[in-house]
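This report is intended for a reader who is meeting the structure for the first time. Please keep the sequence and the model in view while reading.

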Amino acid sequence: MYLNQEYNFIKEHAPCYIYDEVNIIERCMELKNNILGFDFLYSIKTNPYNKIVKSIAKQGFGTDAASMKEVLISKECGVVRDNIYYSAPGKTEEDIEAVLDKCIIIADSITEIELINKISKKHNKKIKIGLRINPDFTMDDDSSISSKFGIDIEDIDNVFKILNLCNYISVVGIHIHIKSQVLDF
């Protein structure tokens with residue numbers, strides 16, 4: 001009887017996506033139980049459907065938000081501020097203003113650090129940020145490959161000088177992205 005109802009629903013609403021919440025929760029628990037000592041983030045861009053985000057958040061996962069909208073989805077779904085990491089490059093002043101007290105903003109440049117501090121000062125709030133740093137190594141070897149996103153490690157002294165002048169931000173972490181599109185385990 002139950003399968004017949006599901007079949008009729010699919011037939012009536014196709015094409016559609018059907019998600020298995022039990023399976024999603026089991027995969028979350030599998031990660032948490034097998035990789036101990038880490039906090040996990042769900043990348044909202046993979047699927048921003050509120051019911052999925054809520055289900056994953058209830059398992060104790062934070063979120064990696066690649067846009068202002070994804071930060072707002074995270075908040076709507078009950079993710080707490082300190083578990084939402086906004087790591088998009090090229091954030092506008094409007095983007096930063098909209099999420100200022102809703103997440104930890106990952107700064108991609110010295111200019112962005114200064115902008116976040118300026119906006120935080122305007123609102124008289126001390127804001128937690130992370131710094132996206134480009135390391136001087138890759139997953140493949142010890143060579144340094146510059147990235148269009150983040151702060152090159154060679155500029156870290158300048159970052160510390162700027163941070164000493166920024167009274168409205170507090171650095172709480174470092175974001176390092178060392179490779180994308182790794183398809184061969």
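The sections below describe the interior, one strand, the salt bridges and some local features of this predicted model.

## Nonpolar cores

The largest nonpolar core contains 28 residues, and Ile113, Ile116 and Leu131 have the most contacts inside it. Two or more residues of this core come from each of the following elements: strand S3 (84–86), helix H5 (93–99), strand S4 (104–107), helix H6 (110–122), strand S5 (127–134) and helix H7 (156–165). Another core, of 10 residues, lies apart from it; Ile44, Val53, Ile56 and Cys77 are among its members.

Ile116 illustrates the contacts found in the largest core. With neighbours within four places in sequence left aside, Ile116 touches Ile96, Ile105, Ala107, Ile127, Ile129 and Ile169.

## Strand S4 and its surroundings

In a regular strand, side chains alternate between the two faces of the sheet. In S4, Ile104 and Ile106 point one way, while Ile105 and Ala107 point the other way, and all are buried. S4 pairs with S3 in the parallel sense, over 2 bridges. Opposite Ile104 in S4 stands Tyr85.

Which residues are in contact with Ile106, leaving aside its neighbours within four places in sequence? They are Tyr85, Tyr86, Ser87, Lys91, Glu112, Gly130, Leu131, Arg132 and His175. Ile106 counts as buried because its relative accessibility is 5%, and buried means under 20%. The C-alpha atom of Ile106 is separated by 8.2 Å from that of Ile174, although the two residues are 68 residues apart along the chain.

## Salt bridges

The whole structure has 8 salt bridges. Arg81, Asp82 and Lys128 are linked in a network of such bridges. Within this network, the closest N and O atoms of Asp82 and Arg81 are 3.4 Å apart, and those of Lys128 and Asp82 are 2.9 Å apart. The pair of Lys128 and Asp82 links distant parts of the chain: Lys128 is in strand S5, whereas Asp82 is in the loop between helix H4 (68–76) and S3, 46 residues apart. Each member of the network is partly exposed, with a relative accessibility of 30% for Arg81, 31% for Asp82 and 27% for Lys128.

A further salt bridge joins Glu93 and Lys118, with the closest N and O atoms 3.7 Å apart. Glu93 belongs to helix H5 and Lys118 to helix H6, so this pair ties together parts that are 25 residues apart in sequence. Glu93 is partly exposed at 30% relative accessible area, and Lys118 is also partly exposed, at 48%.

## Surface patch and local backbone features

A nonpolar patch on the surface is formed by Phe9, Ile10 and Ile18, which together have about 280 Å² of accessible area. Ile10 lies in helix H1 (residues 2–13). The relative accessible area of Ile10 is 34%, so this residue is partly exposed.

Two features of the backbone conclude the description. The peptide bond from Ala14 to Pro15 is cis, with omega near -5°, and Pro15 is located in the loop between H1 and helix H2 (21–34). Asn124 has a positive phi of about 55°, although it is not a glycine. Asn124 is placed in the loop between H6 and S5. With a relative accessible area of 60%, Asn124 is exposed.

Technical notes. Residues numbered from 1 in each chain as written. Predicted model: local features only at pLDDT ≥ 70, side-chain atom pairs only at ≥ 80, totals over all residues. Heavy atoms only, no water. Core = buried A, V, L, I, M, F, W, Y, C linked by side-chain atoms within 4.5 Å. Buried < 20%, exposed > 50% of the residue type's maximum accessible area, 1.4 Å probe, protein only. Helix = DSSP H or I, 4+ residues; strand = E, 2+ residues; numbered from the N terminus. Contact = heavy atoms within 4.5 Å. Patch = residues over 30% accessible without salt bridge, like charges linked within 9 Å, V, L, I, M, F, W, Y side chains within 5 Å. Areas by Shrake-Rupley, 256 points an atom, 1.4 Å probe, with all protein chains shown as cover. Salt bridge = Lys/Arg side-chain N within 4 Å of Asp/Glu carboxyl O. Pairing = 2+ DSSP bridges.
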